[in-house]
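Good morning, colleagues. Please look at the sequence and the structure on the screen, and I shall then take you through the cysteines, the aromatic rings and the nonpolar cores.

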Amino acid sequence: MNILENAPLVACLALPALPKSVATARMYTRDTLKKWRLDHIVEAAELIASELVTNAIKATYSGLGDNPAYVELHDKVRPICLCLYRTSSSTVIEVWDETRTPPQMRVTGDDEEGGRGLWLVETYAKAWGFRWPRADGPRPGGTIVWAELATP
């Protein structure tokens with residue numbers, strides 16, 4: 001049984017796979033956790049959500065630039081989905097994208113600007129992983145990357 005099936009609090013947000021969606025994901029995560037009175041994990045959850053959303057965007061982004069016109073977006077922008085679940089002992093952050101690419105931690109050099117996202121997720125989360133949802137479910141296949149934060 002999936003522990004999230006009976007989660008008492010659930011919040012999900014569909015986002016376009018565009019770089020500007022990362023800020024929206026952070027704000028949504030912060031606002032949701034404050035409503036749930038989980039202020040003590042907001043900072044870690046925002047960081048995790050932004051890293052997972054960034055990775056999902058990189059996996060699906062069509063390279064339209066930072067400020068594409070609507071005509072450029074039509075039928076080209078792929079969706080991603082951010083979900084937050086609150087159980088009796090933890091909060092789970094999930095990000096879905098339509099690709100079937102599993103996340104991989106990279107070894108990065110000290111002078112590299114990127115590539116540390118999953119390392120940060122592993123540092124702040126109690127646990128993290130990924131799964132491939134069934135294609136006949138509410139989401140058409142793809143990959144879900146999740147991270148669990150302890151919330152006593």
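A residue is called buried when its relative accessible area is under 20%, and exposed when that area is over 50%, with partly exposed in between. Cysteine 83, at 1% relative accessibility, is therefore buried. Please keep in mind that this is a predicted model.

I begin with the cysteines. How many disulfides does a search of the whole structure find? The search gives 1. That disulfide runs between cysteine 12 and cysteine 83, with an S to S distance of 2.2 Å. The link is right-handed, with 115° about the S-S bond. It connects distant parts of the chain: cysteine 12 belongs to strand β1, residues 9-16, and cysteine 83 to strand β2, residues 79-86, so that 71 residues separate the two. Whereas cysteine 83 is buried, its partner cysteine 12 is partly exposed, with a relative accessible area of 40%.

Cysteine 81 takes part in no disulfide. The nearest cysteine sulfur to that of cysteine 81 belongs to cysteine 83, at 3.9 Å. Because a disulfide requires two cysteine sulfur atoms within 2.5 Å, a separation of 3.9 Å does not qualify. Cysteine 81 has a relative accessible area of 13% and is therefore buried.

I turn now to the aromatic rings. The structure contains 1 aromatic pair. Phenylalanine 130 and tryptophan 132 form this pair, with ring centres 5.3 Å apart and planes at 75°, so the arrangement is edge-to-face. Both residues are partly exposed: phenylalanine 130 has a relative accessible area of 34%, and tryptophan 132 has one of 41%.

Finally, the nonpolar cores. The largest comprises 29 residues, and Ile48, Leu52 and Ile93 have the most contacts inside it. Which elements give two or more residues to this core? They are β1, α1 (21-35), α2 (42-60), β2, β3 (90-97), α4 (117-124) and β5 (143-150). Helix α2 supplies the largest share, 9 residues.

Leucine 52 shows some of these contacts in detail. Leaving aside residues up to four places away in sequence, leucine 52 touches Ile93, Val95, Leu118, Val121, Val145, Trp146 and Ala147. Apart from the largest core lies another, of 6 residues, including Tyr85, Val92, Trp96 and Ile144.

Thank you for your attention.

Methods
Residues are numbered from 1 along each chain as its sequence is written. This is a predicted model: local features need pLDDT of at least 70, side-chain atom pairs count only at pLDDT 80 or more; totals for chains, interfaces and linings use all residues. Side-chain values use heavy atoms; hydrogens and water are left out. Helices (H or I, at least four residues) and strands (E, at least two) are DSSP runs, numbered from the N terminus. Buried means under 20% relative accessible area, exposed over 50%, partly exposed in between (1.4 Å probe, protein chains only). Rings of Phe, Tyr and Trp (its six-membered ring) pair if their centres lie within 6.5 Å; planes under 30 degrees apart count as stacked, over 60 as edge-to-face and the rest as tilted. A nonpolar core is a set of buried Ala, Val, Leu, Ile, Met, Phe, Trp, Tyr and Cys residues joined through side-chain atoms within 4.5 Å. Contact means heavy atoms within 4.5 Å.
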